[in-house]
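Work through the exercises below with the sequence and the structure open beside you. Try each task before reading its solution.

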Amino acid sequence: MGSGIGNVLILAGIVLILAGVLAKYGLMGWFGHLPGDIRIKGEHGAFYFPLTTMILLSVVLSLLLQLIRKF
């Protein structure tokens with residue numbers, strides 16, 4: 001039972017390392033700037049809600065996890 005959690009932690013680490021490398025080299029410039037992301041700027045502050053980005057991320061991660069579970 002412990003090895004299942006270990007595998008999940010290893011996979012999470014690999015995903016975080018990959019995201020870090022992509023962010024470092026500027027390959028994630030699109031993240032948070034898609035059409036449908038909500039940006040409101042006012043005199044006293046700003047509100048930002050990356051709606052479309054989070055939906056896209058959710059779909060991609062769901063598909064990836066489905067593929068991992070099949071194998």
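**Exercise 1. Decide whether R39 is buried, partly exposed or exposed, and place it in its surroundings.**

Solution. Keep in mind from the start that this is a predicted model. R39 has a relative accessible area of 47%. Because buried means under 20% and exposed means over 50%, R39 counts as partly exposed. The next step is to locate the residue, and R39 turns out to lie in strand 1. Leaving aside neighbours within four places in sequence, R39 is in contact with G32, H33, L34, F47 and Y48. A separation along the chain can be set beside one in space: R39 and V60 are 21 residues apart in sequence, and their C-alpha atoms are separated by 23 Å.

**Exercise 2. Find out what surrounds the charged side chain of D37, and whether D37 has a salt bridge or has no salt bridge.**

Solution. Begin with the position of D37, which is in the loop between helix 1 (2–24) and strand 1 (38–41). D37 is buried, and the nearest side chain of opposite charge belongs to R39, 4.8 Å away. Because a salt bridge needs a side-chain nitrogen of Lys or Arg within 4 Å of a carboxyl oxygen of Asp or Glu, the next step is to compare that cut-off with the distance, and D37 indeed has no salt bridge.

Now look for polar partners of D37 instead.

- The side chain of T53 makes a polar contact with the side chain of D37, at 2.8 Å.
- The backbone nitrogen of T52 lies 3.0 Å from a polar atom of the D37 side chain.
- The backbone nitrogen of H33 is reached by the side chain of D37 at 3.3 Å.

Finally, list the wider contacts: when residues up to four places away in sequence are not counted, D37 touches G32, Y48, F49, P50, L51, T52 and T53.

**Exercise 3. Describe G32 and T53, stating for each whether it is buried or exposed.**

Solution. G32 is placed in the loop between helix 1 and strand 1, and because its relative accessible area is 4%, it is buried. Not counting residues up to four places away in sequence, G32 touches D37, R39, Y48, P50 and T53. The C-alpha atoms of G32 and I14, by contrast, are separated by 22 Å, although the two residues are 18 apart along the chain.

T53 has its place in helix 2, and with a relative accessible area of 0% T53 is buried. Beyond its neighbours within four places in sequence, T53 is in contact with F31, G32, H33, L34 and D37.

**Exercise 4. Work out how exposed M54 and L57 are, and how far each lies from a chosen residue elsewhere in the chain.**

Solution. M54 lies in helix 2, and at 36% relative accessibility M54 counts as partly exposed. Its C-alpha atom is separated by 9.3 Å from that of F31, a residue 23 places away along the chain. L57 belongs to helix 2 (residues 51–70), and with a relative accessible area of 34% L57 is partly exposed. Between L57 and G42 there are 28 Å, C-alpha to C-alpha, for a separation of 15 residues in sequence.

**Exercise 5. Identify the ring over which the charged end of K24 sits.**

Solution. The ring is that of Y25, and the charged end of K24 sits over it, 5.9 Å from the ring centre. For pairs of aromatic rings, where the centres must lie within 6.5 Å, the count comes to zero.

Note on methods:
Residues are numbered from 1 along each chain as its sequence is written. This is a predicted model: local features need pLDDT of at least 70, side-chain atom pairs count only at pLDDT 80 or more; totals for chains, interfaces and linings use all residues. Side-chain values use heavy atoms; hydrogens and water are left out. Rings of Phe, Tyr and Trp (its six-membered ring) pair if their centres lie within 6.5 Å; planes under 30 degrees apart count as stacked, over 60 as edge-to-face and the rest as tilted. A charge sits over a ring if NZ of Lys or CZ of Arg is within 6 Å of the ring centre and within 35 degrees of the ring normal. Helices (H or I, at least four residues) and strands (E, at least two) are DSSP runs, numbered from the N terminus. Buried means under 20% relative accessible area, exposed over 50%, partly exposed in between (1.4 Å probe, protein chains only). Lys and Arg count as positive and Asp and Glu as negative; His and the chain ends are not counted. A polar contact is a pair of N or O atoms within 3.5 Å; within protein, one must be able to donate a hydrogen and the other to accept it, and residues adjacent in sequence count only if both atoms are side-chain atoms. Contact means heavy atoms within 4.5 Å.
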